[in-house]
Amino acid sequence: MDPDLALVIGLIVCGFSIPSIMSAITDGRAPRASAITLLIAFSLLLYALTQKPSGYTLRDIPAAFANVAGRYLP
């Protein structure tokens, strides 16, 4: 898997899991499904960070999104 794709998917999954965690906490439920999605997101982010030799900085994230959008979206 391409490190840029793993980074983008990891960030998107992480962003979607945060409202799910907040909802579960406010309803008094255990955020089990949200914890699993966060584990998947962090695994993807760790994979992306370890596979790119130079690593990522905050300035590289928009370029990674543009790179993935240009490559995988028609």
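Helices here are DSSP runs of at least four residues, numbered from the N terminus. The model is a predicted one. In this numbering, helix 2 covers residues 32-51, and serine 34 lies within it. Serine 34 has a relative accessible area of 3%. Buried means under 20%, so serine 34 is buried. Leaving aside residues up to four places away in sequence, serine 34 touches Ser17, Ser20 and Ile21.

Serine 23 offers a second view of this region. Serine 23 belongs to helix 1. Its relative accessibility is 32%, so serine 23 counts as partly exposed. Serine 23 and serine 34 are 11 residues apart along the chain. Their C-alpha atoms are separated by 9.8 Å.

The nonpolar interior was examined next. In soluble globular proteins, nonpolar side chains tend to be buried together. The largest nonpolar core in this model has 10 residues. Its members are Leu5, Ala6, Leu7, Val8, Leu44, Leu45, Ala48, Tyr56, Ala64 and Val68. Three elements each give two or more residues to this core: helix 1 (3-26), helix 2 and helix 3 (60-72). Helix 1 gives the most, with 4 residues.

Tyrosine 56 is one of the core residues. Residues up to four places away in sequence are again not counted for its contacts. On that basis, tyrosine 56 touches Pro3, Asp4, Leu7, Ala48, Leu49 and Ala64. Among these partners, Leu7, Ala48 and Ala64 are also listed in the core.

Helix 1 also packs against helix 3. The axes of the two helices come within 9 Å and cross at roughly 105°. Angles of 65 to 115 degrees count as roughly perpendicular, so helix 1 is roughly perpendicular to helix 3. On the helix 1 side, the contact is made by Asp4, Leu5, Leu7, Val8, Leu11 and Ile12. On the helix 3 side, Ile61, Ala64, Phe65, Asn67, Val68, Arg71 and Tyr72 take part. By class, this contact has 10 nonpolar, 1 polar and 2 charged residues. Leu5, Leu7, Val8, Ala64 and Val68, which are named in this contact, are also members of the largest nonpolar core.

Salt bridges were then counted. The model has 2 salt bridges. One joins the side chains of aspartate 2 and arginine 71, with an N to O distance of 2.4 Å. This pair links distant parts of the chain, 69 residues apart. Aspartate 2 sits in the segment before helix 1, while arginine 71 is in helix 3. Aspartate 2 has a relative accessible area of 22% and is therefore partly exposed. Arginine 71 is partly exposed as well, at 40% relative accessibility. Arginine 71 is also named in the contact of helix 1 with helix 3.

Arginine 29 forms a salt bridge with aspartate 27. The closest N and O atoms of this pair are 3.3 Å apart. Arginine 29 is partly exposed, with 47% relative accessibility. Exposed means over 50%. Aspartate 27 has a relative accessible area of 51%, so aspartate 27 is exposed.

Two further positions in helix 1 were examined. Isoleucine 9 is found in helix 1. With a relative accessible area of 32%, isoleucine 9 is partly exposed. Isoleucine 9 and isoleucine 40 are 31 residues apart in sequence. Their C-alpha atoms are 9.8 Å apart in space. Glycine 15 lies in helix 1 too. Glycine 15 has a relative accessible area of 38% and is partly exposed. Glycine 15 and glycine 70 are 55 residues apart in sequence and 21 Å apart in space, C-alpha to C-alpha.

Technical notes
Residues numbered from 1 in each chain as written. Predicted model: local features only at pLDDT ≥ 70, side-chain atom pairs only at ≥ 80, totals over all residues. Heavy atoms only, no water. Buried < 20%, exposed > 50% of the residue type's maximum accessible area, 1.4 Å probe, protein only. Contact = heavy atoms within 4.5 Å. Core = buried A, V, L, I, M, F, W, Y, C linked by side-chain atoms within 4.5 Å. Axes fitted to C-alpha atoms, helices over the stretch in contact; angles between N-to-C directions. Parallel < 35°, antiparallel > 145°, perpendicular 65-115°, else oblique. Nonpolar A, V, L, I, M, F, W, Y, C, P; charged D, E, K, R; others polar. Salt bridge = Lys/Arg side-chain N within 4 Å of Asp/Glu carboxyl O.
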